[in-house]
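The following paragraphs lead the reader through the structure shown below, beginning with the ligand and its surroundings, then turning to the chain as a whole and to one pair of packed elements, and ending with the segment that follows.

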Amino acid sequence: MKYQSRKNDKFMEFIKIVMPKLMVIVVLVMLISLTNSCTYKFVEPESIGLNPTDTVSFSTQIIPIFTSNNNCTTCHKPGATSPDLTAANAYNELNSKNLIDLNDAANSKIYYYCEPSSTSHSWKKYSENEAAAVLLWITQGAHNN
Ligand code: HEC
């Protein structure tokens, strides 16, 4: 522009030099946050000491997640909120109410609905360890073991 002051020209020059560098930084930050966002949706069993080759026991490892200190059973018990997660009924409920997807473990509602990064079920979430145990149990076939 004809009427631009010298000050303005200098400013434009500065912008021309700085902008490409800013763009590089912005792209880098976006890439970093992208790779990070992929790491916490599915908790890797290895990262919390659960060995994927060990068999997860429903009765001794999964049921206590539901019932210890009434963690889930304070709400999910007979006559209250579905599903009934008490030791006597949890296995039947999970199966009869389609909360387990054996073809795609991470798509099981008993897993994804309460896993730590989910936006659903604000009542209560699993800890990372609990989520990993539930996911591994389903991956292994969700047996009543
Ligand atoms: C404070 C009460 C409360 C606690 C504790 C609680 N829940 Fe829930 N849960 C609810 C309510 C209310 C609903 C139904 C509304 C909804 O979907 O958010 C529900 C729904 C669910 C559903 C979806 C059921 C369906 O058929 O769609 C699942 C799965 C579930 N809860 C699992 C759990 C697990 C696992 C725990 C323990 C880690 C837990 N809940 C702890 C109140 C609770």
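The model is a predicted one. A convenient point of entry is the ligand, which is surrounded by 19 residues. The closest of these are C72, C75, Y113, W123 and K124. Sorted by chemical class, the shell around the ligand comprises ten nonpolar, six polar and three charged residues.

The protein chain that supplies this setting may be considered next. Its secondary structure consists of five helices and zero strands, so that the pattern read along the sequence is α-α-α-α-α by the run-based assignment of helices and strands. The chain has 145 residues, of which 21% count as buried. Among contacts with a separation of 6 or more, 48% join residues 24 or more positions apart.

One helix pair deserves closer attention. Helix α2, spanning residues 58-67, packs with helix α5, spanning residues 128-139. The angle between the two is about 135°, and their axes are 10 Å apart. An angle that lies between 115 and 145 degrees falls outside the perpendicular and antiparallel ranges, and α2 and α5 are therefore oblique to each other. Their crossing is left-handed. On the α2 side the meeting residues are F58, Q61, I62 and I65, while α5 contributes E130, A133, V134 and W137. By class, this contact between α2 and α5 contains six nonpolar residues, one polar residue and one charged residue.

The segment after α5 can be followed through two of its residues. Q140 lies in this segment. Is Q140 buried, partly exposed or exposed? A residue needs 20 or more C-beta neighbours within 10 Å to be buried, and 12 or fewer to be exposed; Q140 has 16 inside that distance and therefore counts as partly exposed. Beyond its neighbours within four places in sequence, Q140 is in contact with T55 and V56. Q140 and D54 are 86 residues apart in sequence, yet their C-alpha atoms are 9.6 Å apart in space.

G141 is also placed in the segment after α5. Because G141 has 12 C-beta neighbours inside 10 Å, it counts as exposed. In sequence, G141 and D101 are 40 residues apart, and the C-alpha to C-alpha distance between them is 9.4 Å.

How values were computed
Residues are numbered from 1 along each chain as its sequence is written. This is a predicted model: local features need pLDDT of at least 70, side-chain atom pairs count only at pLDDT 80 or more; totals for chains, interfaces and linings use all residues. A residue is near a molecule or strand if its C-beta atom, placed from the backbone, lies within 6 Å of it. Ala, Val, Leu, Ile, Met, Phe, Trp, Tyr, Cys and Pro count as nonpolar, Asp, Glu, Lys and Arg as charged, and the others, Gly among them, as polar. Helices (H or I, at least four residues) and strands (E, at least two) are DSSP runs, numbered from the N terminus. Two residues are in contact if their C-beta atoms, placed from the backbone, lie within 7 Å. Axes are lines fitted to C-alpha atoms, for helices over the stretch in contact, and angles run from 0 to 180 degrees between N-to-C directions. Angles under 35 degrees count as roughly parallel, over 145 as roughly antiparallel, 65 to 115 as roughly perpendicular and the rest as oblique. A crossing is left-handed if the near helix is turned anticlockwise from the far one by less than a right angle, and right-handed if clockwise.
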